[in-house]
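Student: Could you take me through the cysteines in this one, close up, and then show me what's around the main pocket?

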Amino acid sequence: MVKAVFPGSFDPPTYGHVNIIERARSIFEEVLVVVAINAGKHSVFSPDERLAFMREIIAPWPNVSLHCYDSLIVNFAKEHHCKVLLRGVRSVQDFSYEFELSVMNKGLDPDIETFFMPTDSKYFVLRSSAIKELASFGGDVSSMVPPVVAKALRRFHPDQRGQPE
Ligand code: ADP
């Protein structure tokens with residue numbers, strides 16, 4: 001039985017991330033979703049907000065757990081006895097970035113393997129950064145992110161600030 005770590009910024013989580021978790025949880029004994037806290041990387045949503053989104057998203061799934069971590073992800077994997085780092089891939093560009101990252105992680109800890117999961121075609125255009133921009137112009141993001149995230153994104157649109165959530 002193998003446990004997988006699914007790390008990410010999740011700033012914010014999209015249906016693309018949700019789809020990866022949902023598929024992975026039927027393959028692995030447990031999926032540990034790790035919200036990366038990177039002091040050097042600017043995030044729009046705070047670590048607490050990103051954790052709260054994820055907590056609500058994974059609530060129905062007993063073999064998915066939520067964590068945060070502010071150091072090397074291979075160390076987290078080792079501490080939690082996980083052999084697999086799971087990463088989603090949307091495009092060739094994603095793959096070349098993810099491939100380099102996986103080589104680096106393999107160098108740091110040869111016992112941990114990176115598994116790539118291709119995005120479902122429904123979600124390949126979903127990108128947290130583009131969704132935040134769309135929301136700031138008042139675009140409808142309800143087909144792209146779970147309701148808890150769509151509500152929070154309303155604060156980015158001037159006309160919708162202060163509206164009841
Ligand atoms: P990071 O800053 O670690 O790249 P992200 O939250 O952007 O964090 O992404 C976490 C993981 O989810 C990455 O492996 C990324 O490629 C993957 N991912 C992001 N969006 C999608 C999507 N729409 N479909 C599948 N995988 C995705």
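Tutor: Let's start with disulfides, keeping in mind that this is a predicted model. A search of the whole structure turns up 0 of them. Why does Cys68 have no partner? The closest cysteine sulfur, in Cys82, sits 15 Å from that of Cys68, which is too far for a bond, because a disulfide needs the two sulfur atoms within 2.5 Å. The same goes from the other end: Cys82 is in no disulfide, with the sulfur of Cys68 as its nearest cysteine sulfur, 15 Å away.

How about their surroundings? Cys68 has 42% relative accessibility, so it counts as partly exposed. Cys82 comes in at 4%, so that one counts as buried; the cut-off for buried is under 20%.

Now for the pocket. The largest one holds about 1,400 Å³ of space, and 49 residues line it. If you want to find its centre on screen, look for Pro7, Gly8, Ser9, Lys41 and Arg87, which lie nearest to that point. Many elements chip in to the lining. Among those that supply at least two residues each are the strands 1 (3-8), 2 (30-36), 4 (84-89) and 5 (113-118). On the helical side, helix 1 (15-24), helix 2 (47-58), helix 4 (92-108) and helix 5 (128-136) each give at least two as well. Helix 4 has the largest share, with 8 residues. As for chemistry, the lining splits into 23 nonpolar, 16 polar and 10 charged residues.

How values were computed. Residues numbered from 1 in each chain as written. Predicted model: local features only at pLDDT ≥ 70, side-chain atom pairs only at ≥ 80, totals over all residues. Heavy atoms only, no water. Buried < 20%, exposed > 50% of the residue type's maximum accessible area, 1.4 Å probe, protein only. 1 Å grid on protein atoms, 1.4 Å probe; cavity = no way out; pocket = protein on both sides within 12 Å on 5 of 7 lines; lining within 4 Å. Points joined across faces, edges and corners; volume = space filled by probe spheres on them. Helix = DSSP H or I, 4+ residues; strand = E, 2+ residues; numbered from the N terminus. Nonpolar A, V, L, I, M, F, W, Y, C, P; charged D, E, K, R; others polar.
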